[in-house]
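Colleague: I want to learn how to read internal cavities in a model. Can you take me through a case?

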Amino acid sequence: MRRTVSEGRSRPRQLLHQRGVALLGALLLALVGLLGLTQTIGTAAADASDYTQSVSQLSTTQAKITFTPTTPAAYVDAHYLVNGANQQNVRMTAAGNVWTWTVSSLTTGSVLEYWFTYEKSGPQYDTPHFTYTQGGGGGTTTPPPGAVATPVFSPAGGTFTTAQTVTITDATSGAAIHYTLDGSTPTASSPTYTTALSITATTTVQAIATKSGSTNSAVASAAFTIGSTTPTGCPAQSDTPDFGPNVHIFDPSMGNAAIQAQLDAQFNQMKDTNTAQFSENRVADLYKPGTYAVEDNVGFYTSVAGLGQNPDQVTINGDVTVDAFNASDAGNATQNFWRSAENLAINPSGGSDRWAVAQAAPFRRIDVHGGLNLYPASYGYASGGYIADTKVSGQAATASQQQWYSRDSSFGSWNGGVWNMVFSGVSGAPANTFPNPPETTLATTPVSRDVPYLYIDSTGKYRVFLPSLRTNASGPSWASGSTPGTSQPMSQFYVVKAGDTAATINNALSQGCNLFVTPGVYHLSQTLNVTKANTTILGIGYPTFVPDNGVNAMQVADVDGVRLKGLLFDAGTTNSAALLTVGPSGSSANHAANPTTIQDVFFRIGGEHVGKATNSLVVNSNNAIIDHIWAWRADHGNAGSVGWTVNTADTGLTVNGANVLATGLFVEHYQKYEVVWNGQGGKTIFFQNENPYDPPNQAAWKSSASVNGYAAYKVGASVTTHEAWGLGSYCYFNVNPAVNNYHAFEVPNTAGVKFHDALTVSLGGVGTITHVINDTGAVTAANTTPSNVVNFP
């Protein structure tokens, strides 16, 4: 995300960072080619004499898989599903010639389906699938050749507040599925599955698949608990926890000089765009209630927050600043990513605070006693950001800031607008005047719920406040003195910090704990499974989840009220199907009264290291609120981490759920449709996009034989109701400027699908977008001026 705009005037620009030299690029391509040749060798079927395998129960929640090859193996990978869902792929641990892996978070009756890939004298081999039932005596079964695949449930079991519609599928063509609901083992004589099951009470569903001439499948089992509304059973945690070394907690009694010294030391480590942008440093600065006279400059991967229940309980007499700090920035703020400020008051030293940022840099729950400048002091380039639940008593000014979204806030006044300024529920916002000036204003936000946040109560104990759902909101939630909502004690939160693994995190989730995730980088060897309604996962200091071995990073069940806030998902080097999925495929429950919220959750493909993920965020649950995400396939980064065949990713956001709302949607550089919206009744308020910079040629980037490129935002052909406001999509095809995108937005031609205030821009005239939406809108100009469509249809 890089632009060239100064005080509202666009001009062609050079990238701040070039993407490597030709020789290095050729070497990388050659290496990728060699790896590709290696991968195409494939696998062969295993011989039963090559190995022995078993599963043993370690505890009520854990089972150990063991694999012993006859010929020593260079590696053994285990693949497994629990109750037919969420496939995990892991490299087993060797002790001599015995390979093991422990599966956690099981319950009595959990069915483990597993198989192996192993090396033998160079080639690799795949075994048949085996099954094991936890608490069932530890026995395993080996289906003979021709066995029917094990049935799969959707959703895959869990705890739900409402009745569930359960579908059962089987991968074997022509197989019949038989099921039971009374706890008995299904047989070919059990009822035949023909249509989705309505599960209205706590039930264990079991199923078997049969086919004439084939061996019956293994029994699949899924437990559904209906009626639970809150996580229960979390072992009591401390109300004054140890947050680890990356969380700095300040108290006025420490003295301003000592606090300033700490702030300056960490900022010097976190400020440099060239060295800190893709480092693994993570930090959070938390201020206890009181008054401080400090200058808090905010660097990469830094969260600044007050620990009062409401913003004015922590006051900074000084500034909380983001600027183009480094000489190498040359006044450019377009890479000021991954930093945040929240829940405090600022008395700016010069009358106006400065928050010159790009993506993934939210400014929330702030009371600015003065003005707010959203551009660098140099009046250099800045590329967009997000404000919510904030009051600015003076003027909020954008100057060279190209696009911005503000929600549920109050400004003394607003000044500026380059391409796309969007407001919903903001008093003091300008009138709706798009495109001249380019201001899009909605009087209210249809549905919103402000973020969960940490605070200290009057007894010195930590709690997490959970704001209430708002409809048709306007102004800060705390405008009347206090944000409506409830709070939970830290005794119900497991504090995730250095040393925690996917297994320990999943264990806490399975016991009913919420998660408070401290700054750090966490590698995941298995999917994090969020199954309980009203679970809160709150991150500070940009905690980063990196999935290993191709696992999906996180899966949320189709339940009420899950809150995800302040997380960064960074794709691993082996492709993941998805980084975050909310609700399994086919989710059908209505969550309008208590939706899942996804807030300040960010996705990165490449940049720090090679990263690959087919999808970043998939939302299957109905009524979810996507409130400020940035899904980014990196266009620059550390050497070797970026390239058309290096950091591969198809789609940033796929929405299949109905009545999903996105407020503040940033998605950039994905290689196919960047947003795909298949659910009915969807709404988006503010969308910012850049097409991928690096298609090597037109033939490599066509959505069909006759259509150049891929739309940045595609509404599914069967959708009849959808509405969006304030959308911008830009191209900069610097690898091959001859590349063209036919249109930025692709939607059904129906009266119920409505777009307002959409635009396209070619940055410096490098490449073209022919139309804005479908066949409507002018081709992008060569002088970096927008092509606008006010209303469609």
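Colleague: What volume does the second largest cavity have?

Modeller: First, the general idea. Rolling a probe the size of a water molecule over the atoms reveals where empty space remains. Now the case. This is a predicted model. Its second largest cavity has a volume of about 80 Å³.

Colleague: Which residues lie nearest the centre of the second largest cavity?

Modeller: S303, S340, Y542, K565 and G566, out of 14 lining residues. Two or more lining residues come from each of β28, β49 (563–570) and β51 (597–605). The largest share is that of β49, with 3 residues.

Colleague: How does that lining divide into nonpolar, polar and charged residues?

Modeller: The second largest cavity has 6 nonpolar, 5 polar and 3 charged lining residues.

Colleague: How many cavities of 30 Å³ or more does the structure hold?

Modeller: There are 3. The largest has a volume of about 150 Å³. Its lining comprises 17 residues, and A305, E342, L454, I540 and K565 are the closest to its centre.

Colleague: Which elements each supply at least two residues of the lining of the largest cavity?

Modeller: β25 (302–306), β28 (339–347), β38 (453–456) and β46 (536–539). Here β25 gives the largest share, 4 residues.

Colleague: And how do the lining residues of the largest cavity divide?

Modeller: Into 10 nonpolar, 5 polar and 2 charged. Now look at K565 in the structure. K565 is among the residues closest to the centre of the largest cavity, and K565 is also among those nearest the centre of the second largest.

Notes
Residues are numbered from 1 along each chain as its sequence is written. This is a predicted model: local features need pLDDT of at least 70, side-chain atom pairs count only at pLDDT 80 or more; totals for chains, interfaces and linings use all residues. Side-chain values use heavy atoms; hydrogens and water are left out. On a 1 Å grid over the protein atoms alone, a cavity is a set of points where a 1.4 Å probe fits but cannot get out, and a pocket is an open set with protein on both sides within 12 Å along at least five of seven lines; lining residues have an atom within 4 Å of a point. Grid points are joined across faces, edges and corners, and a volume is the space filled by probe spheres set on the points. Ala, Val, Leu, Ile, Met, Phe, Trp, Tyr, Cys and Pro count as nonpolar, Asp, Glu, Lys and Arg as charged, and the others, Gly among them, as polar.
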